[in-house]
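Dear colleague,

Please find below the structure I agreed to pass on to you. My notes on it follow directly after the sequence and model.

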Amino acid sequence: MIRKHFTEVERIESKKEGFKGMFARFLWSTDDGRQNFAMRMMEFEPDGHTSYHSHLEEHQFYFIEGEPAYVDAEGKETRLKVGDTLYVGPDEPHQVKNVGDTAMKMICMIPILPGGDGKAPAPRPDGKDYVTKEKPSV
């Protein structure tokens, strides 16, 4: 068994295009010797969000604090609540947002794909980064 507390993991602000007020704690990744599976805690400030994007990894989300919303492949926003879980398939366009007045936190779990590290999306065979879609929802 390996144990660590989430507060022992550095909180890193995402500076990627289209992201606002989102911080990640990479709880388990290749940095920890994990080769197949990653776990991250994502923290969003009020009005914080990811870009509207897709990538090769599938996701499992578990919302643990705040007022989350999810924007799906059709651009439809769905309000969620603490305790909700979501599965997002590979290459499925999506966005996660904090629509509340306080911090929002979620656990994000992904497989580590070839060339990936559990922190950034794995490289695509065509050499492109994650795809930022044209349907903004900010």
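Strand β10 is mostly covered, with seven of its eight residues buried. Please bear in mind throughout that this is a predicted model.

Two pairings of β10 deserve your attention. With β3 the strand runs antiparallel, and eight bridges join the two; within this pairing, M109 of β10 is the bridge partner of M39. With β5 the sense is again antiparallel, over five bridges, and here M106 of β10 is the bridge partner of F63. In general, the side chains of a regular strand alternate between the two faces of the sheet.

The nonpolar interior may be described next. The largest nonpolar core has 18 residues, and M42, F44, F61, F63, V96 and M106 are those that touch the most other members. The elements that contribute two or more residues to this core are β2, β3, β5 and β10. Of these, β10 gives the most, namely four residues. A second, separate core comprises six residues, including V9, L27, M41 and M109. M106 thus belongs to the largest core, while M109 belongs to the second.

For F61, I list the contacts beyond its neighbours within four places in sequence: Y70, D84, T85, L86, V88, H94, V96, M106, I107 and C108. Among these partners, V96 and M106 are also named with F61 as residues of the largest core that touch the most other members.

Which residues lie nearest the centre of the largest pocket? They are K16, F19, R40, M42 and K119, out of 25 residues in the lining. The elements that supply two or more lining residues are β1 (12-13), β2 (20-28), β3 (37-49), β5 (59-65) and β10 (104-111). The space within this pocket is about 360 Å³. By class, its lining consists of 14 nonpolar, six polar and five charged residues. M42 therefore appears in two settings, as a residue nearest the pocket centre and as a member of the largest nonpolar core.

Finally, I would draw your attention to S29, in the loop between β2 and β3. Is this residue buried or exposed? S29 counts as buried because its relative accessible area is 1%, where the cut-off for burial is under 20%. Leaving out residues up to four places away in sequence, S29 touches R34, I112, D117, G118 and K119. Of these, K119 is also one of the residues nearest the centre of the largest pocket.

With kind regards

Terms used. Residues are numbered from 1 along each chain as its sequence is written. This is a predicted model: local features need pLDDT of at least 70, side-chain atom pairs count only at pLDDT 80 or more; totals for chains, interfaces and linings use all residues. Side-chain values use heavy atoms; hydrogens and water are left out. On a 1 Å grid over the protein atoms alone, a cavity is a set of points where a 1.4 Å probe fits but cannot get out, and a pocket is an open set with protein on both sides within 12 Å along at least five of seven lines; lining residues have an atom within 4 Å of a point. Grid points are joined across faces, edges and corners, and a volume is the space filled by probe spheres set on the points. Ala, Val, Leu, Ile, Met, Phe, Trp, Tyr, Cys and Pro count as nonpolar, Asp, Glu, Lys and Arg as charged, and the others, Gly among them, as polar. Buried means under 20% relative accessible area, exposed over 50%, partly exposed in between (1.4 Å probe, protein chains only). Two strands pair if DSSP finds at least two bridges between them. A nonpolar core is a set of buried Ala, Val, Leu, Ile, Met, Phe, Trp, Tyr and Cys residues joined through side-chain atoms within 4.5 Å. Contact means heavy atoms within 4.5 Å.
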